[in-house]
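Trainee: I should like to understand how the terms used for this model are justified. May we go through them one by one?

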Amino acid sequence: MIEMKVAGIALDAISRNPVVLLRDTEDRRALPIYIGQDQAKSIINALENQQTPRPLTHDLFVNMLDDWDMALERIVIHALKDNTFYALLTLSAGETRKELDARPSDAIAIALRMDAPIWVMEEVIADASIPVDRAADEAEKQAFREFISNLSPSDFTQRGGISNDTFEQ
């Protein structure tokens, strides 16, 4: 799993639909997730610490968790199926731990209000993320290519690997 932070909300240039953009903590990968207008407003409210005169749905959920002495340990965006992301809320009360299915947009809005970490499974990152720092990605690839090109068979026996002597006994 990779921990991510909310980088912000944007509008898709073509569809004009809101997109929440998550970034990994190293600013190497970004994960765009299309969301609804209401969830976008709720996430913006949380990012900007805006209070509403009356609790909205995400605020109400947070208030209930607080009143019942429950904590949100984390959210995990764990799957991408047919262009739909899936998330889980990990809640705890004392020693009891429960996971609840949630839309990622709702989970993110709640996590921001409760200062809970946002995690994304590596498979989801591999399938749906976009590179943020292409230069760093290319430098890492080049360093790996150089490492591989400089390997020789003796490197594997010199570093405690299996030697031919093992099989001659």
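Trainee: What makes S1 and S2 a hairpin, and how many residues lie between them?

Mentor: First, a word on the source: this is a predicted model, in which local features need pLDDT of at least 70, side-chain atom pairs count only at pLDDT 80 or more, and totals for chains, interfaces and linings use all residues. Residues are numbered from 1 along each chain as its sequence is written, and side-chain values use heavy atoms, with hydrogens and water left out. As to the hairpin, six residues lie between S1 and S2, and Arg-16 in the turn has a positive phi of about 65°.

Trainee: How do you know that S1 and S2 are paired strands?

Mentor: Strands are DSSP runs of E with at least two residues, and helices are runs of H or I with at least four, numbered from the N terminus. Two strands pair if DSSP finds at least two bridges between them. Seven bridges join S1 (residues 2-11) to S2, and the two run antiparallel, so the pairing criterion is met. Within this pair, Val-6 stands opposite Leu-22.

Trainee: Why is S2 described as mostly covered?

Mentor: Buried means under 20% relative accessible area, exposed over 50%, and partly exposed in between, with a 1.4 Å probe and protein chains only. Five of the seven residues of S2 (residues 18-24) are buried. S2 also pairs with S3 (residues 29-34) in the antiparallel sense over five bridges, with Val-20 opposite Ile-33.

Trainee: Why is Ser-105 called buried?

Mentor: Ser-105 has 8% relative accessibility and therefore counts as buried. Ser-105 is found in helix H3 (residues 104-114). Leaving aside residues up to four places away in sequence, Ser-105 touches Ile-35, Gln-39 and Ile-43, where contact means heavy atoms within 4.5 Å.

Trainee: Which strands pair with S4, and in what sense?

Mentor: S4 (residues 71-81) is joined to S5 (residues 84-93) by nine bridges, and these strands run antiparallel. Their hairpin has two residues between the strands, and Asp-82 takes a positive phi near 50°. S4 and S7 (residues 118-120) pair in the parallel sense over three bridges, with Val-76 opposite Trp-119.

Trainee: How do you know that the charged end of Lys-81 sits over the ring of Tyr-86?

Mentor: A charge sits over a ring if NZ of Lys or CZ of Arg is within 6 Å of the ring centre and within 35 degrees of the ring normal. The charged end of Lys-81 is 5.4 Å from the centre of the Tyr-86 ring, so the distance criterion is met. Tyr-86 itself, in S5, stands opposite Ala-79.
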